[in-house]
Amino acid sequence: MHESLLNDELKAFQDAFKKWVDKEIVPHHAAWEKEGMVPRALWESAGANGFLCITQPEAFGGLGLDFRYSTVVIEGLARAGAHGPGFPLHSDIVAPYIEHYGSDEVKQKFLPPMAAGTCIGAIAMTEPGTGSDLQGVKTKAVLDGDEWVINGAKTFITNGLLSDVVIVVARTEDDKSGWESQSLILVERDAPGFSRGRHLEKMGLHAQDTAELNFEDCRVPKGNLLGERGQGFVYLMNELARERLIIAAGCVAGAQAALEMTVEYTQDRQAFGRPISKFQTTRHTLAEMATEIAVGEAFVDRCIERLVAGDSLTVEASMAKYWTSEMLGRVTDAGVQLFGGYGYMNEYPISRAYTDARVQRIYGGTSEIMKEIIARALV
Ligand SMILES: Cc1cc2nc3c(=O)[nH]c(=O)nc-3n(C[C@H](O)[C@H](O)[C@H](O)COP(=O)(O)OP(=O)(O)OC[C@H]3O[C@@H](n4cnc5c(N)ncnc54)[C@H](O)[C@@H]3O)c2cc1C
């Protein structure tokens with residue numbers, strides 16, 4: 001977010017979050033990348049410091065603040081290259097589904113511990129056989145008395161191993177097809193028939209646990225249904241715009257961090273008797289990176305302001321996600337090039353920024369799907 005969007009309270013919050021990230025995350029992130037996940041204690045520390053579920057009402061353990069505060073957390077993590085903690089997905093994707101579509105009992109049960117960091121959330125849409133085509137979900141849930149019985153498999157699930165509660169997208173309406181056939185059902189860690197599959201090895205985001213989930217005659221209470229039966233797809237479409245804006249805000253902040261480390265490196269690195277920042281080609285590359293970031297930031301800021309004002313942003317959020325994730329790819333690629341061989345070494349943050357960036361064009365809806373959504377509003 002540009003400074004002009006920050007008032008004194010937001011600046012103080014930004015400052016407090018940065019100090020916490022510098023102390024609690026930065027010194028440990030490399031070790032967590034080797035372990036493939038972050039410790040639960042980090043979640044509890046984030047909760048105790050008021051950095052989780054910020055936009056949730058105070059009655060449910062949140063701070064009742066607006067999305068700009070969430071953006072501060074998203075940007076703070078991205079700027080530090082701290083992709084391990086899946087806080088944005090937990091606080092700004094999973095918690096809002098429960099807030100918007102859960103019964104009072106469900107909200108009271110899950111939201112306060114989620115704000116405290118003692119209950120970690122995930123959302124399971126993608127399956128081995130379908131990702132972009134969400135209407136093709138095969139996982140099935142059948143009502144048996146007072147319980148849902150769920151059968152199916154999910155993959156690529158963020159917070160997959162750490163999660164204590166998972167929103168599962170399942171087919172519940174046999175007599176209907178496509179968007180009218182799905183529902184959202186909460187599955188808790190210890191639900192009978194729920195198990196975790198492989199802890200997936202990825203190209204980047206090494207500290208973020210991404211896993212497979214299996215449901216074999218998994219039984220959960222009837223009341224774990226979010227909202228109405230058969231409305232799951234509609235709810236997903238309503239909420240995905242925020243998810244895409246979260247990714248876009250992270251991409252802009254990540255690109256800014258990549259630019260800053262590249263500027264510093266090009267001033268230090270000598271070639272042909274001078275810093276490489278003195279070569280005109282280097283200077284023009286840096287200028288292009290800075291310009292792309294400024295343009296992306298302006299558009300994302302406008303989207304954030306509109307989201308806070310309550311506007312519906314399906315198309316604009318898709319534009320922001322598509323453009324900033326592609327921009328992050330260009331900026332980190334240019335950064336690696338200017339670092340030369342060192343840019344290819346994992347010990348250099350620009351190398352990790354490059355590999356971490358690649359997935360931004362894929363998850364939360366691929367660039368191709370974003371363009372489909374944008375095009376649908378045109379023709
Ligand atoms: C690290 C990571 C974390 C993730 N976290 C989660 C999570 O927490 N929860 C979750 O549910 N999912 C998660 N995902 C899954 C992610 O959202 C999907 O991978 C993504 O939506 C793409 O689906 P897919 O992998 O099935 O690709 P596919 O849908 O098979 O797409 C393959 C290719 O075909 C293209 N394509 C598909 N349809 C069209 C079309 N209509 N027009 C043009 N091109 C098309 C795609 O753009 C892509 O290039 C995660 C993925 C990763 C890698």
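**Exercise 1. Follow the ligand's polar contacts.**
Task: Which side-chain or backbone atoms of Thr126, Gly131 and Thr366 lie by the ligand?

Solution. Start with Thr126: an N or O atom in its side chain is 2.7 Å from a nitrogen atom of the ligand. Keep in mind as you look that this is a predicted model. Next, turn to Gly131, where a polar backbone atom is 3.2 Å from an oxygen atom of the ligand. Then go to Thr366: here an N or O atom of the side chain lies 2.7 Å from an oxygen atom of the ligand. To finish, consider the surface. The ligand taken alone exposes 970 Å², and the protein buries 64% of that.

**Exercise 2. Describe the shell around the ligand.**
Task: How many residues surround the ligand, and which elements give two or more of them?

Solution. Begin with the count: 18 residues surround the ligand, and the closest are Met125, Thr126, Ser132, Thr366 and Glu368. Now sort the shell by class, which gives 9 nonpolar, 7 polar and 2 charged residues. Next, look at the elements. Those giving two or more residues are β1 (121-124), β3 (147-158) and α11 (367-376). The largest share comes from β3, with 3 residues.

**Exercise 3. Place the ligand among the domains.**
Task: Where does the ligand lie with respect to domain 2 and domain 3?

Solution. First divide the chain: domain 1 covers 3-119, domain 2 covers 122-229 and domain 3 covers 234-376. The C-alpha centres of domain 2 and domain 3 are 31 Å apart. Their contact takes 14 residues from domain 2 and 13 residues from domain 3. Now return to the shell: both of these domains give residues to it, so the ligand lies between them.

**Exercise 4. Compare two residues of one loop.**
Task: Are Leu134 and Val137 buried or exposed, and which residues do Leu134 and Val137 touch?

Solution. Find Leu134 in the loop between β1 and β2 (140-144). Val137 is found in the loop between β1 and β2 as well. A residue counts as buried when its relative accessible area is under 20%. Leu134 has 10%, so it is buried. Val137 has 2%, so it is buried too.

Now list the contacts, leaving out residues up to four places away in sequence. Leu134 touches Met125, Gln182, Phe233, Leu236, Met237 and Leu240. Val137 touches Met125, Glu127, Thr130, Lys154, Val169, Ala170, Arg171 and Gln182. Met125 and Gln182 appear in both lists. Met125 is also one of the residues closest to the ligand.

As a last step, try some distances. The C-alpha atoms of Leu134 and Ile185 are 51 residues apart along the chain and separated by 16 Å. For Val137 and Thr314, 177 residues apart along the chain, the separation of the C-alpha atoms is 22 Å.

**Exercise 5. Look at Asn224.**
Task: Where is Asn224, and is Asn224 buried or exposed?

Solution. Go to the loop between β7 (210-221) and β8 (225-226), where Asn224 lies. Its relative accessible area is 6%, so Asn224 is buried. Then check its contacts: leaving aside neighbours within four places in sequence, Asn224 meets Leu184, Ile185, Leu186 and Glu188.

**Exercise 6. Find the packing partners of α10.**
Task: Which residues of α10 are buried, and which elements do the buried residues of α10 pack against?

Solution. Trace helix α10, residues 349-358, and pick out the buried Ile350, Ser351, Ala353, Asp356 and Ala357. Then look across from the buried residues of α10: they pack against α7 (232-268) and α9 (314-339).

Methods
Residues are numbered from 1 along each chain as its sequence is written. This is a predicted model: local features need pLDDT of at least 70, side-chain atom pairs count only at pLDDT 80 or more; totals for chains, interfaces and linings use all residues. Side-chain values use heavy atoms; hydrogens and water are left out. A residue is near a molecule or strand if one of its heavy atoms lies within 4 Å of it. A polar contact is a pair of N or O atoms within 3.5 Å; within protein, one must be able to donate a hydrogen and the other to accept it, and residues adjacent in sequence count only if both atoms are side-chain atoms. Accessible areas come from the Shrake-Rupley method with a 1.4 Å probe; for residues, only the protein chains shown count as cover. Helices (H or I, at least four residues) and strands (E, at least two) are DSSP runs, numbered from the N terminus. Ala, Val, Leu, Ile, Met, Phe, Trp, Tyr, Cys and Pro count as nonpolar, Asp, Glu, Lys and Arg as charged, and the others, Gly among them, as polar. Domain bounds come from an automatic or database domain assignment. Buried means under 20% relative accessible area, exposed over 50%, partly exposed in between (1.4 Å probe, protein chains only). Contact means heavy atoms within 4.5 Å.
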